[in-house]
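Colleague: I'd like to go through this model with you, one question at a time. Could you bring it up on the screen?

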Amino acid sequence: MDFLAYEFMQRAFLAGILAGLLCSFVSLFVVLQRMSFVGVGVSHSALGGIAIGVFLGVNPVFSAAVFCTVVAWAIGLVSKEGRLHADTVIGVFFSASMAFGIALISLAPGYQPELFGFLFGNILAVTPADIVLLTASGAVIVLFLTFFFKELLFMCFDEESARAAGIPVTFLYYALLTVIAVTVVVSVKILGIVLASALLVIPAVTGYEFSRNFRGMLAVSVGSGVFSALAGLWLSYVLNLPSGATIVLCATALFLLAFILSPRRGRIQYLRKKIRPST
């Protein structure tokens, strides 16, 4: 535990806990609403927003948040109103945003070393200002999800019935897209653009394998998300590996364990019957 004597490691662990809590909470609705690929598309489109910030000389996190929210809304609008499959629309906006970002970065003067931090993440470089931003945005998102928890669950399972029951489905749908976009952006510095979407999917799927109700699924999701962040950060320190990659690999290992031991699949019961001597 000697590594916790360093101030930057203390900040890194705090950021890991906050990111694990936030991403795993949001991931419950991402998985239930089947928006996993939206997270991938929005995270990759962050490159376009960061490029705008670098080119214009403004805070890249702020420009990425605005740009990702616009892209997320555009994906929702075109897929809903244009009667196109969401995967098709995401494929178009995701690739176009990345191409726009690469083109704009090439026009920016000088070398941009911080871009590598955004692409691959660097939790060890988290600043006190990043912690404040992560805490403030996370608190707003958790409050929103808690306040509309039942309505969001209803929408995720039966959108038409929820609309008939008077629930503001359109508002909740675009609000959920905004939540995904903001969560991705504030997690980019920890996990990187390439891997930011992973914690928006894997913890909730792990929870699904272990629990038969939503509160249990959420509890397992939050626990696995926080554990993955802390274990991944510790392994990255010990093995000298990129922190974002080790965090995602830990989350994936937990999912594989849950998949094997899941009560839904009955493998443990099957093995018990095979081992138990016949009477």
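Colleague: How many salt bridges does a search of the whole structure find?

Modeller: Keep in mind that this is a predicted model. One salt bridge joins the side chains of Arg11 and Glu7, and another joins those of Arg163 and Glu159. Side chains of opposite charge can pair when their charged atoms come close. Searching the whole structure gives a total of two.

Colleague: Where do Arg11 and Glu7 lie?

Modeller: Their side chains meet at 3.4 Å, N to O. The two residues are four apart, which is about one turn of the helix. Both of them sit in helix H1.

Colleague: Is Glu7 buried or exposed?

Modeller: The cut-off for exposed is over 50% relative accessible area. Glu7 has 56%, so Glu7 is exposed.

Colleague: Now the other pair. Is Glu159 buried or exposed?

Modeller: Arg163 and Glu159 both belong to helix H8, four residues apart, and their salt bridge spans 3.3 Å, N to O. Arg163 has a relative accessibility of 39%, so Arg163 counts as partly exposed. Buried means under 20%. Glu159 has a relative accessible area of 19%, so Glu159 is buried.

Colleague: Let's move on to H11. How far does helix H11 reach from its first C-alpha to its last?

Modeller: Helix H11 covers residues 214-239, which makes 26 residues. At 1.5 Å a residue, 38 Å would be expected. The model comes close to that, with 36 Å.

Colleague: Which helices do the buried residues of H11 pack against?

Modeller: The buried residues of H11 include Met217, Leu218, Val226 and Leu233. Small ones? Gly225, Ala229 and Gly232 are also among them. Their packing partners are helices H1, H7, H10 and H12.

Colleague: Which residue caps the N-terminal end of H11?

Modeller: Look for a side-chain oxygen by the backbone nitrogen of Arg215. The two atoms lie 3.3 Å apart. That oxygen belongs to Asn213.

Colleague: What does the side chain of Ser211 reach?

Modeller: Ser211 lies in the loop between H10 and H11. With a relative accessible area of 9%, Ser211 is buried. Leaving out residues up to four places away in sequence, Ser211 touches Gly216, Met217 and Arg264. At 3.2 Å, its side chain reaches the backbone nitrogen of Met217.

Colleague: And just after H11, what phi does Asn240 take?

Modeller: Asn240 is in the loop between H11 and H12, and at 69% relative accessibility Asn240 counts as exposed. Most residues other than glycine have a negative phi. Asn240 has a positive one, though, of about 60 degrees.

Colleague: Time to zoom out. How many helices does the protein chain have?

Modeller: Read along the sequence, the pattern is α-α-α-α-α-α-α-α-α-α-α-α-α. There are zero strands. The count of helices is 13.

Colleague: What radius of gyration does the protein chain have?

Modeller: The C-alpha atoms fill a box of roughly 80 × 55 × 30 Å along the principal axes. For 279 residues, a compact globule would have a radius of gyration near 19 Å. The protein chain agrees with that, at 20 Å.

Colleague: Last one! How much of the exposed area of the protein chain do carbon and sulfur atoms supply?

Modeller: Of the 279 residues, 47% count as buried. The protein chain exposes about 14000 Å². Carbon and sulfur atoms supply 71% of that area.

Methods:
Residues are numbered from 1 along each chain as its sequence is written. This is a predicted model: local features need pLDDT of at least 70, side-chain atom pairs count only at pLDDT 80 or more; totals for chains, interfaces and linings use all residues. Side-chain values use heavy atoms; hydrogens and water are left out. The expected span of a helix is 1.5 Å times one less than its number of residues. Buried means under 20% relative accessible area, exposed over 50%, partly exposed in between (1.4 Å probe, protein chains only). Contact means heavy atoms within 4.5 Å. A polar contact is a pair of N or O atoms within 3.5 Å; within protein, one must be able to donate a hydrogen and the other to accept it, and residues adjacent in sequence count only if both atoms are side-chain atoms. The radius of gyration is taken over C-alpha atoms; the globule rule is 2.2 Å times the number of residues to the power 0.38. Accessible areas come from the Shrake-Rupley method with a 1.4 Å probe; for residues, only the protein chains shown count as cover. A salt bridge is a side-chain nitrogen of Lys or Arg within 4 Å of a carboxyl oxygen of Asp or Glu.
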